[in-house]
Amino acid sequence: MSWADLAEVRIITSTDGPFADDVFFVLIGAKGNGCAVSQSAGGKSLLHRLQALPGFDNEAVVAAMGCTTDHQFLCWRRSN
């Protein structure tokens, strides 16, 4: 999937931490394809790239980073 095809960004949290990955960036393409990247694998460089998207919701990121339950946070959706 290319950046141009990106349609939505979510963060999914789980109760698996702190000894296992428990925060995942989910990148969803316009055709429903996509991928999940753990916070530990994506690091700050992925987050910085996502934050450059117009209208990216940084408050959703803050809420996700403080979450210790199974939850999804919508951070960005391409406007039509």
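Let me start with strand β2. Five of its seven residues are buried, so β2 is largely enclosed by the rest of the structure. Keep in mind that this is a predicted model.

Now the sheet around β2. There are four strands, in the order β3-β2-β1-β4. The sheet is open, and the pairing is antiparallel. Which strands sit at the edges? They are β3, residues 34-38, and β4, residues 71-77. Each of those pairs on one side only. From one strand to the next, the twist averages 20°.

Next, helix α2, residues 58-65. This helix packs on the sheet. Which strands does α2 touch? It touches β1, β2 and β4. The direction of α2 makes about 160° with that of β4.

Let's walk through the pairings, starting with β2 and β3. Five bridges join these two antiparallel strands. One residue pair to find on screen: F25 stands opposite V37 in β3. β2 and β3 also form a hairpin, with four residues between them. Look at G32 in that turn. Its phi is positive, about 90°.

On to β1 and β2. How many bridges pair them? Seven, again in the antiparallel sense. Here, take E8. Its bridge partner in β2 is I28.

Then β1 and β4. β1 covers residues 6-13, and six bridges join it to β4. The two run antiparallel. For a landmark, use R10, which stands opposite L74 in β4.

Last, one residue in detail: T13. You will find it in strand β1. Is T13 buried or exposed? Its relative accessibility is 2%, and buried means under 20%, so T13 counts as buried.

What does the side chain of T13 reach? It reaches the backbone oxygen of T69, at 2.7 Å.

And what surrounds T13? Set aside its neighbours within four places in sequence. T13 is then in contact with D22, V23, A64, C67, T69, D70, H71 and F73. Now put some of those on the map. V23 belongs to β2, residues 23-29, and A64 to helix α2, residues 58-65. H71 and F73 fall in β4, residues 71-77.

To recap. β2 is largely enclosed, with five of seven residues buried. The strand order is β3-β2-β1-β4. Helix α2 packs on that sheet. And T13, in β1, has a side chain that reaches the backbone oxygen of T69.

How values were computed: Residues are numbered from 1 along each chain as its sequence is written. This is a predicted model: local features need pLDDT of at least 70, side-chain atom pairs count only at pLDDT 80 or more; totals for chains, interfaces and linings use all residues. Side-chain values use heavy atoms; hydrogens and water are left out. Two strands pair if DSSP finds at least two bridges between them. Axes are lines fitted to C-alpha atoms, for helices over the stretch in contact, and angles run from 0 to 180 degrees between N-to-C directions. Contact means heavy atoms within 4.5 Å. Buried means under 20% relative accessible area, exposed over 50%, partly exposed in between (1.4 Å probe, protein chains only). A polar contact is a pair of N or O atoms within 3.5 Å; within protein, one must be able to donate a hydrogen and the other to accept it, and residues adjacent in sequence count only if both atoms are side-chain atoms.
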